[in-house]
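Biologist: Hey, got a minute to walk me through this one? I'd like to hear about the pockets and the core.

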Amino acid sequence: MNKASSRAISLSESEKKVLGLIFHHHQLTQAALTEWTGLTQQSVSRVVHQLLTDGLLLEGEKISTGKRGYPSTSFRLNAAFGYSLGIALMADCVVLTVLDFAGEAVCERRTTEAVSSRARTLTWLQQQVTELRASELAGAPWLGAGVGITGAHVGDGVSFNPPFALEEWFGVDVAAAIGEVLQLPVWAENDGKVAALGEARTGVGRWARSFAYFYLATGVGGGVVLDGKLWRGANGNAGEFAGGLPPNIFPFPNLELLRLLVAQEGQVFASVDAMLQQYDPSWSANQEWVHRVRDSLSIMASNATAILDLDAIVLGGRIPRELAELAIPAVQLFDQKRRAVDRPTARIVAAEAVGESTSFGAAILPLQQQFFS
């Protein structure tokens, strides 16, 4: 985290627990908060009153409990309390997403021209944030920024080993570099981890407590959510599910392969990002891609669910939903049935979180770190 901050935020763990639950479920009554937090009714009442007073919560709809008496008041996050920035540093584009305090995306901007130069990327980000601060988003506080970058954590844990397209970010304290330019508190994390965080808070995580997130983009990465929490591992690199695929035997199930297959059909795109902007579910290359990567996905999914005993395997990242749904029936979960009894296995599903997964998930990082438990 970059220490530069114009605003001190201090919340109790009980307040963070209440805020996190309401963010996750959109709105909750005081009775539901009492049940979910394990706090006493009096404690929840005090917490809710303080959060209403401080402007973090608003009263929501009246909800019937199905019992006698008046409907109960629900509470929701105050979207206008502040904005959080999410930045995706990817091999072929940079994306900036702005979330309000309730987790709704209010703005998204992207560039492909600044990718190869750290200086140009920082200049572009500074320009975008300056414009946004002077736009209709002016007035509410800027709560911080999160960064999702392609590449594994290395060294001291604040720098990354990105692909060669992001060579100038190698070994750099990403959060500090961007925080200095934007003058905001900044957190940086691997792209697959922030995408998994976004999915845990606003997507599959609403019904699956534990899941493996397959981040399919120019490369392959991922994240692991266990019992509702992002599991980072010893070095912050948990979730590299494709790392167990023997090289030159099983192809990586990435979208660069799809780009090459589409090119064989006569449609040439300079990058994965360019292809995704014009993605067509009717391409015959989609079927060929599924045929080539089904074994790889099956090995990754089988290992993940067997080792971690998960609720779900999520196909996400930058993969189009139509392609994910096409691939799901082809993925096998291997199981040596004993006494003809199936071992419980995970559901294989497409990601449910909306928007650009990396920048959206990155924008949740500042909220997670400062406001939610």
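Modeller: Sure, and keep in mind that this is a predicted model. Let's start with the second largest pocket, which has a volume of about 420 Å³.

Biologist: Which residues lie nearest the centre of the second largest pocket?

Modeller: Those are G317, R318, I319, G355 and E356, out of 22 lining residues.

Biologist: And which element gives the largest share of that lining?

Modeller: β14 does, with three residues. At least two residues each come from β6 (105–111), α8 (272–277), β14 (312–317) and α10 (321–327).

Biologist: How does the lining of the second largest pocket split by class?

Modeller: There are eleven nonpolar residues, five polar and six charged.

Biologist: OK, on to the largest pocket. How much space lies in there?

Modeller: About 890 Å³. Its lining counts 37 residues, and R201, G228, K229, Q368 and S373 are the closest to the centre.

Biologist: Which element supplies the largest share there?

Modeller: That's α1, with five residues. α1 covers 13–25, and other elements giving at least two residues include α6 (191–202), β13 (229–231) and α11 (357–370).

Biologist: What about the classes in the lining of the largest pocket?

Modeller: You get 17 nonpolar, eleven polar and nine charged residues.

Biologist: Switching topic: how many residues are in the largest nonpolar core?

Modeller: The core has 39 residues. F214, L255, L258, M275, W289, I313 and L323 have the most contacts inside it. Helices α7 (255–264), α8, α9 (284–308) and α10 are among the elements that supply at least two residues each, and so are strands β11 (211–216), β12 (220–226), β14 and β15 (347–350).

Biologist: Which of those gives the most?

Modeller: α9, with eight residues.

Biologist: You mentioned L323. What is it in contact with, leaving aside neighbours within four places in sequence?

Modeller: L323 is in contact with L255, L258, Y279, N286, W289 and V290. Of these, L255, L258 and W289 are also on the list of residues with the most contacts inside the core.

Biologist: Why would a core like that turn up in general?

Modeller: In soluble globular proteins, nonpolar side chains tend to be buried together.

Biologist: Last thing: what's the mean pLDDT of the chain?

Modeller: The mean is 92, and 96% of the residues reach 70 or more.

Biologist: And where does pLDDT stay under 50?

Modeller: Over residues 1–8. The model has 18 contacts beyond four places in sequence for that stretch.

Notes: Residues numbered from 1 in each chain as written. Predicted model: local features only at pLDDT ≥ 70, side-chain atom pairs only at ≥ 80, totals over all residues. Heavy atoms only, no water. pLDDT = per-residue confidence, 0-100. Contact = heavy atoms within 4.5 Å. 1 Å grid on protein atoms, 1.4 Å probe; cavity = no way out; pocket = protein on both sides within 12 Å on 5 of 7 lines; lining within 4 Å. Points joined across faces, edges and corners; volume = space filled by probe spheres on them. Helix = DSSP H or I, 4+ residues; strand = E, 2+ residues; numbered from the N terminus. Nonpolar A, V, L, I, M, F, W, Y, C, P; charged D, E, K, R; others polar. Core = buried A, V, L, I, M, F, W, Y, C linked by side-chain atoms within 4.5 Å. Buried < 20%, exposed > 50% of the residue type's maximum accessible area, 1.4 Å probe, protein only.
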